[in-house]
Amino acid sequence: MNKLVLVGIVFVTLLLGATFLMLGDGVGANDTMLQLGIAGAVAIAVISTFVSIKYIRQMQTDTASGELADENWDGIGEYKNEPPFGWAISFLALTIWAIWYMLAGYPVQSYSQIGEYNEEVAEHDKTFAATHANMDAATKVEMGESVFIVQCAPCHGLSADGIDGKAANLNKRLDAVAVKNAIIHGSNNHLLGSEMPMPDRNGLFNANSGALISDAEINAVSAYVSNGMSGSGADVFAGTCAGCHGSDGKGMAGVAPSIANYNPELVSNILAYGKKGAMGTMPSFNNLNKTQIEALGAYVTSLSSK
Amino acid sequence: MFHWLEKHPFFFAVGVFVVFSWAGLIMILPTFTKASQPLVGTVPYTTLELAGRHIYVANNCSGCHSQLIRPFKNETDRYGDYAKSGEFAYDRPFLWGSKRTGPDLMRVGNYRTTDWHENHMKDPAGIVPGSIMPAYRWMFTKLADLDTAYAEQLTVQAAFAVPYNKPLPAKDGGTNMVKLADTLEGAKASALAEARTVAADMKDQDVKDLIAQGEVPEIVALIAYLNRLK
Amino acid sequence: MENRPLEYDYTVAKLWMISAIVLGIVGMLIGVILAWQLAFPGVNLLLGEGLAEYTSFGRLRPLHTDAVIYGFTVSGIMATWYYVGQRVLKVSMAESKFLMVTAKIQFWLYAIGVVLIVVSLLFGLSQGKEYAEFIWPIDIAIVIIWVLWGVQIFGLIGIRREKTIYISIWYYIASFLAVSALYIFNNMAIPTYFASGGIGSIFHSVSMYAGTNDALVQWWFGHNAVGFVLTVPIIAMIYYFLPKESGQAIYSYKLSLLAFWGLVFTYVWAGGHHLIFATTPDWMQTMGSVFSVILILPSWGSAINMLLTMKGEWNQVATNPLIKFMVLASTFYMFSTLEGPIQAIKSVNALAHFTEWIVGHVHDGALGWVVFMIIAAMLHMAPRVYGREIYSKSLLNTQFWLQTLGVTLYFTSMWIAGITQGMMWRAHDEFGNLAYSFIDSVIALEPFYIIRAVGGTIYLIGMFIWAYNMYKTATAGRRVEANELQNTSPMAS
Ligand code: HEM
Ligand code: HEM
Ligand SMILES: [Ca+2]
Ligand SMILES: [Ca+2]
Ligand SMILES: [Cu+2]
């Protein structure tokens, strides 16, 4: 075997080998576009390497020949050779194919990229629904984590800690700042899935003292809630908040959400409506499907209940 | 025949030109009027948004970001609904880009918010560890050019009949209207009002100070533009 | 008269040679900076926080693309035109005062244009379309410069002695005509300052086309700009310099003919491949794919013609670095004109579009084909325009191997990076949800960004060696006699 061919084989193997190494199992995935893409890469590497080698070998072995034309420019002559047969026949064949394809092949196939997309989505949705019809709790959390990393981590961080207060820390139901903010300004984020606001401090009576909630009481109850419903603000909570949020803070259906812990329903409402608060604004998500939302709910709930 | 052409360069050039240009016409002309009809819900840019768009162009964000969601499941999962021609009817120039060093931004307004952009533009890697996007800190103090944005609005209204001050059909069946002031002062006043609502969600002190003085820093205009990408 | 050797006048060619060297180095230096910025974003602050606005990736990127295309490549085209044109038409620039004066005006106008371009791009004055960023006043200047080139081409042809125009001239003519039409139509815009009665920036303009239409015009332009700036005039060069340097006759006239008309005919139709899966009509995208595939043949036609011209001349390929550059250039040309069409196939494009694989393709063509060819052309010209032998063959060989290594590192790393990136974006996990967040795909590319930056730096070192060698040739090379200049360029070891 010629040395050049060997070099060619080594080059192609290295290039394609390194590509496959990077892609890992991805190559085997059931994805025709990816496979065609890789087939294209293989074709580029192999064809151009070996065609070049063919001509380089001609440089090494052949001799120039043919009938020279009469003309000559600045000393450059020109042979009257015929074009290489393989080249000419490929050109002709491709041209005929192209004319056929544009006039007959393509119109008959009546391809539509949106049509193909719709099929792809329908297919995907069908298998997705079938595969996840009866997910167990652990799988839900696992799926939720995977969706979270793609959709939520850019704001909440990979460990869901809220990146230094830039978004909510989901490892904990509420920070003192957030509670304080809700008490002072009220809250109107559709957390119950409906337009059911919480009043601001001018609407919050402490039944124990018979007066509007005071600054000291706000601080105390904020600490109490953010400490996981424990500590010294218990009496304020019982007097002011328990009426709506329940004595354990776990909320009451249709009245107020849980502020003691996360639950999938709360998460799903936040995803549907977004949330604006002390830290910033969380966008709503309308491109997630039901299963994904449930999974996110399970995942977020699991974070603070470890 | 070809040899004759090679002795008569003028006709040679004519031949080249003919062969070259007719394909160009076929490529461009057929869909020209159809592709430019706005989709329901697509509205022209406000002064502030347009100023933001100019900043996007000046900093060549398109060098790293596309604004074109292709009809593939993985793209619609990541970025939202695929792109439709009519959505770009007011985009001069189009900003599809040809390279995704960073993610697509065509609908970034759906899943990022003002405060996030504020943090991110100041220090991308601080928000998204591993990010290679440059920081844009100067935008927090440099002022946006509202005059040029207004000049462009007047130009497109006059030259291309872009429908400012006209009720336009909205997606929910109602109508939308984008106002365009008669005077530069008016345009700047409404841009400032819009800037205030954006800046209300921001924390940067320079930005707050400038807005209080009646000035609009670049970052506010840029975020107004990013928020409108939906 | 007919038999006496002509005294060709290379004054203008020399000016363009200098500008090609300077702009080549500047453009590629910026490319290297961009490459390091993607590997280490801290490099965005290379001149400190205060100047961050002017050194950040986005601002510098058009400066790179425009400097290498409109700076380096166009200068190379002009330098070779003002050399090759005279010789194959057998007429000296000195014979026409008019041509001489307009040629100088053209160059100096261009030099002023370059300065304005650098300043305007640094300040973020841009029309926002790739490769057409320049603001409208500069666009007008560019059209004038280009028209002046047309005056040169047809002026020189008008007073030619050689009746039949040589292949290289075909390609220069095609480049001139196509780029004129493309550039004007894509840059059509209304200056807002005038349209609004004097409001805002005088440099700002708004495109005549919107959205999808703007994209169509842009990529009709963009694709053919690649074709008629980075391909056609480079073919003009190789058709002259390879046979001239090697002393071999062109392998086949018929092949030249078919390849030329095939290329001019097919190129335009292929532009749709930049808009695959966009909101352009499907038939247009398909047409782009189909014609891209056909385009392999006319492209390979020229490359094969050149390689076959060297048939039986392996000794020259081995010993003459100029021939080495040109043979490798043809090979890279074949590589990128196979890679491009395959990337244009719809399902391959679905994977490749928006990724580094495209950037890899660009630089196969740019570094392996365009730059190699211009370097070889100008090295061949140097002894003839300066009357001195090439200063150092060993430097030349070093440069050749450095740059070959550089381009290989560049395209292999971007090839792998691009396919990886494309795959990660598409991948779904075992649940059917996206498997990777975007930033995962950014982080995965880091090693490849570093390899590319290293490759680019090595390539740039080659450019510096070339500049040094050219400078020394012009100032210190041994003086040569006319009879040493027939074919193989004289060079000191
Ligand atoms: C030392 C040599 C060079 C280096 C290190 C280099 C580096 C780069 C880098 C880092 C980019 C940005 C890619 C991205 O956005 O991901 C780029 C883009 C580009 N470069 Fe170069 N470059 C070099 C030489 C050249 C030359 C000689 C040409 C043309 C003659 C060229 C033409 C381009 C073009 C057209 C693009 C835009 C590609 C696209 O948008 O797809 N480069 N280059
Ligand atoms: C048969 C010839 C060729 C064909 C069919 C072809 C095809 C393509 C395709 C399909 C793309 C990618 C479009 C996308 O998905 O974004 C592309 C990009 C590009 N090609 Fe080629 N290519 C060819 C030859 C060349 C050559 C010789 C060069 C010389 C340097 C070149 C320079 C470029 C550049 C600069 C781009 C980037 C455009 C951008 O900014 O997006 N191509 N080409
Ligand atoms: Ca590009
Ligand atoms: Ca322009
Ligand atoms: Cu193209």
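This passage describes the surroundings of ligand 2, the neighbouring copper site and the contact between chains B and C in a predicted model.

Ligand 2 is placed between chains B and C, and its shell is made up of 26 residues, of which C:Glu130, C:Tyr131, C:Asn349, C:His353 and C:His361 are the closest. Three of these residues direct polar side-chain atoms towards heteroatoms of the ligand. For C:Tyr131, a polar side-chain atom is found 2.5 Å from an oxygen atom of ligand 2, while for C:Glu130 the corresponding separation from an oxygen atom of the ligand is 3.1 Å. In the case of C:His361, the partner is a nitrogen atom of ligand 2, which lies 2.9 Å from a polar side-chain atom of the histidine. The elements that supply two or more residues to this shell belong to chain C and are helix H8 (211-230), helix H11 (282-309), helix H13 (321-344) and helix H15 (356-386). Of the contributing elements, H13(C) provides the most, namely seven residues. When the shell around ligand 2 is sorted by residue class, it comprises eleven nonpolar, 14 polar and one charged residues.

A copper ion (ligand 5) is located 4.6 Å from the iron atom of ligand 2. The protein donors of this ion are three histidines of chain C, with C:His223 acting through ND1 and both C:His273 and C:His274 through NE2, at distances of 2.0 to 2.1 Å. Along the sequence, the donor residues follow the spacing H-x49-H-H. Because C:His223 is part of helix H8 of chain C whereas C:His273 sits in the loop between helix H10 (253-269) and H11 of that chain, the pair ties together parts that are 50 residues apart in sequence. C:His223 and C:His273 are both buried. Helix H8 of chain C thus appears in two settings, as it holds the copper donor C:His223 and is also listed among the elements giving two or more residues to the shell around ligand 2.

The two chains that flank ligand 2 also contact one another, with 96 residues of chain C meeting 81 residues of chain B. The area buried between chain C and chain B amounts to about 7,600 Å², and carbon and sulfur atoms account for 71% of this area. On the chain C side, the residues that lose the most area to chain B are C:Trp261, C:Phe354 and C:Phe438, which together make up 11% of what that side buries.

Notes. Residues are numbered from 1 along each chain as its sequence is written. Chains are lettered from A and ligands numbered from 1 in the order in which they are written. This is a predicted model: local features need pLDDT of at least 70, side-chain atom pairs count only at pLDDT 80 or more; totals for chains, interfaces and linings use all residues. Side-chain values use heavy atoms; hydrogens and water are left out. A residue is near a molecule or strand if one of its heavy atoms lies within 4 Å of it. A polar contact is a pair of N or O atoms within 3.5 Å; within protein, one must be able to donate a hydrogen and the other to accept it, and residues adjacent in sequence count only if both atoms are side-chain atoms. Helices (H or I, at least four residues) and strands (E, at least two) are DSSP runs, numbered from the N terminus. Ala, Val, Leu, Ile, Met, Phe, Trp, Tyr, Cys and Pro count as nonpolar, Asp, Glu, Lys and Arg as charged, and the others, Gly among them, as polar. Donors are N, O and S atoms within 2.8 Å of the metal (3.2 Å for Na, K and Ca); water is not among the atoms, so sites may look incomplete. Buried means under 20% relative accessible area, exposed over 50%, partly exposed in between (1.4 Å probe, protein chains only). Contact means heavy atoms within 4.5 Å. Buried area is the accessible area (1.4 Å probe) that two parts lose on being put together, summed over both.
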